[in-house]
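Please examine the following structure. The explanation below begins with a single residue and then turns to other sites and to the protein as a whole.

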Amino acid sequence: MRAVLMAGGSGTRLRPLTCDLPKPMVPVMNRPIAEHIINLLKRNGVDEVIATLYFLPDVMRDYFQDGSDFGVRMTYAVEEDQPLGTAGCVKNIAELLDDTFFVISGDGITDFDLQEALRFHKANGSKATLVLAHVPNPVEFGVVITDEDNRIQRFLEKPSTSEIFSDTVNTGTYILEPEVLDYLPANQKTDFSEDLFPLLLEKGEPMFGYVAQGYWCDVGHLDAYREAQYDALNKKVDVDLDYYPETSPGIRIGQDTEIDPTAELHPPLMIGDNCRIGARVKLKPCTIIGDNVTIGNDAQLERTVVWNGAIVGEEAFLQACVISRGARVDRRAQILEGAVIGALTNVGEEAQISPRVRVWPNKQIESGATLNINLIWGNMAQRNLFGQRGVSGLANIDITPEFAVKLGAAYGSTLPSGSNITVSRDQRSISRMVSRSLISGLMSVGINIQNLEATAIPLARAVIPSLGVIGGIHVRIHPDRQDHILIEFFDENGIDIPKGKEKKIEGAYFKEDLRRSPIQEIGTVTYPSRVLDAYTTAFEEHLNVEALRNSNSKVVIDYAYAVSGAVLPRLLAKFDCDAVVLNASLSQVAPSATDREAMLGQLGQVVQALQATFGVQVSAHGEQFVLVDEVGTPIRGEALTALVTHMVLTANPRGTVVVPVHATGAIEHIARRHDGNVIRTKVNPTALMEACQENDNVVLGGSSDMGFIFPQMHPGFDAMFCIAKIIEMLTIQEHTLGQIWAELPRISHRIQTLRCPWTSKGALMRHMVETHPADQLELVDGVKVLDPNSDGWILVLPDAGEPLVHIYVNSEDREWVDEKLNEYRQKVLAFIDQEQGMHQVPQETAS
């Protein structure tokens with residue numbers, strides 16, 4: 001007898017288990033659902049199975065092949081272009097069905113007596129017999145109503161509660177005569193319950209319902225998937241489990257499996273072939289372990305389903321969860337009830353997956369992270385929200401509206417109810433979407449918003465003190481990664497919030513310790529007016545306006561389609577500056593690094609053609625810039641840092657400049673020329689801003705890769721003010737950029753970047769400290785090794801956001817720089833080699 005196995009479904013409700021498997025191939029008791037169905041069919045006299053396939057058809061064909069290993073003859077019908085529906089796919093193979101045949105869904109576990117159903121079908125002269133079952137909650141199924149003779153009277157597909165007239169439901173198993181397929185059109189999508197059966201009812205064809213006795217579970221969602229396993233272990237369903245022998249009552253163990261004598265096994269449970277179970281492991285009832293699984297010492301598993309090839313680390317705790325193929329759960333991780341870990345995902349040490357959270361395949365859960373939302377699109381769940389600078393992630397993948405709502409609520413929950421903060425953004429649509437979501441979250445916890453809308457970030461920082469708010473948020477495209485969003489948080493002075501505040505926000509986010517305000521305390525949104533006027537006033541107060549007005553400078557400014565193009569031209573026009581504007585229109589698409597380089601080349605050509613004093617390309621939403629001198633040569637990187645420092649100290653002798661620890665050593669040479677002082681800080685924006693505010697007589701802070709701070713103006717990086725200041729200083733100092741460039745000290749400054757695993761960073765820093773004399777070390781950030789015979793130094797600095805380490809070497813002697821760069825590169829690689837047991841291929845950059 002033939003049976004049609006409907007196996008084309010993608011099983012969306014079972015994701016992430018079905019991300020790379022068709023639903024019938026999802027394992028139950030370590031064997032695909034389809035294999036249990038084929039065993040049932042074989043027991044009931046079926047010797048040929050035709051599987052209709054659509055989603056990932058090769059998975060089933062490769063597993064069953066011709067069916068000979070499973071005691072049946074298997075053939076396959078693949079729906080190539082589009083799914084034809086449950087009935088359409090059977091109509092498609094009508095020529096193969098010349099006698100009474102079974103149709104059975106590929107997503108159920110059952111032990112029905114199909115031979116008895118077949119006898120019922122024959123005895124009643126039925127054209128179509130539906131195998132039915134009584135269920136306690138029929139809302140999720142198709143209800144079938146029959147008369148006293150079991151003839152079908154009515155169908156109700158997934159009825160509402162008020163429509164439930166019966167607890168008898170369609171199990172997706174049918175016995176059909178070939179001629180019923182004549183009612184179906186060819187090559188059209190049709191369904192048994194929605195199309196064929198109502199039509200047979202209308203035509204008066206004999207159609208009966210057989211109420212089967214026995215077990216049936218539609219494995220349609222993740223809870224049902226686990227329950228089917230528990231029921232099989234508890235022998236509530238008659239399925240073949242002989243592939244693993246029962247070594248003791250309720251315990252089945254496969255071949256070549258090694259179990260430490262101290263492990264505790266509590267029946268019922270199943271352990272597959274070639275597994276390794278460590279010392280003092282506790283396998284509690286209703287645990288199913290696949291083949292080739294390793295479970296570390298002292299791990300505890302209860303009601304957990306672990307697929308083939310997974311690794312569970314020492315002291316891990318897994319409860320009523322599913323661990324998919326090849327996934328790894330590291331030491332002391334906790335995966336709680338209802339959670340599902342997708343194939344090949346790695347859950348880091350001491351990470352916690354909250355109840356009912358689903359993680360899609362090939363994800364990385366960082367050590368110590370708490371994951372309480374599904375991880376679908378991004379590739380990593382991090383222990384920390386905040387990186388080197390604010391919160392960043394892939395736009396609309398990591399940083400989604402739902403993420404932003406929760407982040408806003410978490411931030412607001414750390415503030416007193418009724419507090420006021422600003423929210424600002426760049427002009428991109430994605431930033432508007434994220435900022436609105438943040439505002440929703442903030443309002444939900446009783447925070448009032450002063451919405452600055454699309455505003456250059458220097459302006460957003462500068463106006464915070466005048467608005468009487470206790471903080472602010474700015475959303476923009478990340479200045480270094482055009483597919484990422486960056487969300488920055490400011491304090492009441494416009495400075496990035498300190499690490500302690502970041503930790504409070506992270507705690508509220510991960511612990512979901514979110515305040516919920518009553519309706520009357522929901523936050524409000526207002527739109528401050530004259531914000532630009534306030535910034536303009538500060539701009540004027542800190543510039544020599546007469547010098548700008550009397551300047552004969554001609555400046556070419558490329559705004560790179562950013563919102564600063566809507567601010568600076570108006571300010572310069574007020575001071576009668578001769579400024580030629582390029583790319584000042586607002587664009588929804590941020591220019592790529594390649595685009596900006598091409599635009600920089602065009603800027604140089606325009607500067608030369610117009611014989612301009614200089615050119616400048618503004619970037620990073622008004623924070624950073626690249627200069628172009630009078631002959632069209634770009635000035636950036638350490639050269640730009642040195643040049644701006646020289647100009648500012650020339651205008652402010654004996655002043656103090658603040659730079660990050662990795663900035664060029666030319667800064668100290670320049671400071672000595674002007675009796676100035678240098679303060680070096682950690683390589684993060686908050687440290688720079690705080691140092692500029694906390695120290696006396698600071699006239700400049702920053703570096704080219706972050707921007708420049710003029711603390712008297714406001715505490716943030718501000719390319720717009722710096723450009724105006726350069727015009728002023730060039731006018732007063734009566735020098736060209738080329739002349740100033742020629743006066744700068746010639747210092748060789750190079751960098752190399754190497755791959756370095758997170759787990760090796762701390763050990764590497766300790767190794768560097770231990771292998772150098774203490775009097776040659778500076779430990780501001782990373783490890784800086786000072787050359788006792790010169791001003792040269794080597795800085796080994798772990799990256800704050802990536803598994804990288806940076807090596808900076810600085811000296812007047814270029815040969816010494818090249819020699820030390822190679823020496824320390826080899827030292828770092830050798831240490832990582834020793835730590836990891838394998839060579840890391842370096843990723844190098846040089847400047």
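Is isoleucine 33 buried or exposed? In this predicted model, isoleucine 33 counts as buried because its relative accessibility is 0%, and the cut-off for that class is under 20%. The residue belongs to helix α1, which covers residues 33-43. Leaving aside residues up to four places away in sequence, isoleucine 33 is in contact with Lys23, Pro24, Val26, Val28, Gly106, Asp107, Gly108, Ile109 and Val219. One of these partners, Gly108, is 75 residues away along the chain, yet the C-alpha atoms of isoleucine 33 and glycine 108 are separated by 7.1 Å.

A second site is threonine 686, which is placed in helix α17 (residues 685-694). Its relative accessible area is 10%, so threonine 686 is likewise classed as buried, given the limit of under 20%. Beyond residues up to four places away in sequence, threonine 686 touches Asp496, Ile497 and Pro498.

Alanine 263 offers an example from a loop, namely the one between β16 (258-259) and β17 (264-265). With a relative accessible area of 14%, alanine 263 is buried. Its contacts, again without residues up to four places away in sequence, are Ile277, Gly278, Arg280 and Val281. Leucine 582, by contrast, is 319 residues from alanine 263 in sequence, and the two C-alpha atoms lie 72 Å apart in space.

These sites can now be set within the whole protein. The secondary structure consists of 21 helices and 56 strands, and the C-alpha atoms fill a box of roughly 110 × 60 × 55 Å along the principal axes. Of the 847 residues, 57% count as buried. Among contacts with a separation of 6 or more, 58% are made by residues 24 or more positions apart; the pairing of isoleucine 33 with Gly108, at 75 residues along the chain, illustrates such a contact.

The surface remains to be described. The accessible surface amounts to about 34400 Å², and carbon and sulfur atoms account for 46% of that area. As for charge, the protein carries 74 positive and 111 negative charges, whose mean positions are 3 Å apart. Which residues form a negative surface patch? The patch is made up of Glu812, Asp813, Glu815 and Glu819. Of its members, glutamate 819 lies in helix α21, which spans residues 814-836.

Technical notes:
Residues are numbered from 1 along each chain as its sequence is written. This is a predicted model: local features need pLDDT of at least 70, side-chain atom pairs count only at pLDDT 80 or more; totals for chains, interfaces and linings use all residues. Side-chain values use heavy atoms; hydrogens and water are left out. Helices (H or I, at least four residues) and strands (E, at least two) are DSSP runs, numbered from the N terminus. Buried means under 20% relative accessible area, exposed over 50%, partly exposed in between (1.4 Å probe, protein chains only). Contact means heavy atoms within 4.5 Å. Accessible areas come from the Shrake-Rupley method with a 1.4 Å probe; for residues, only the protein chains shown count as cover. Lys and Arg count as positive and Asp and Glu as negative; His and the chain ends are not counted. The place of a charge is taken as NZ of Lys, CZ of Arg, CG of Asp or CD of Glu. Patches are made of residues with over 30% relative accessible area and no salt bridge: like charges are joined within 9 Å, nonpolar side chains (Val, Leu, Ile, Met, Phe, Trp, Tyr) within 5 Å. A salt bridge is a side-chain nitrogen of Lys or Arg within 4 Å of a carboxyl oxygen of Asp or Glu.
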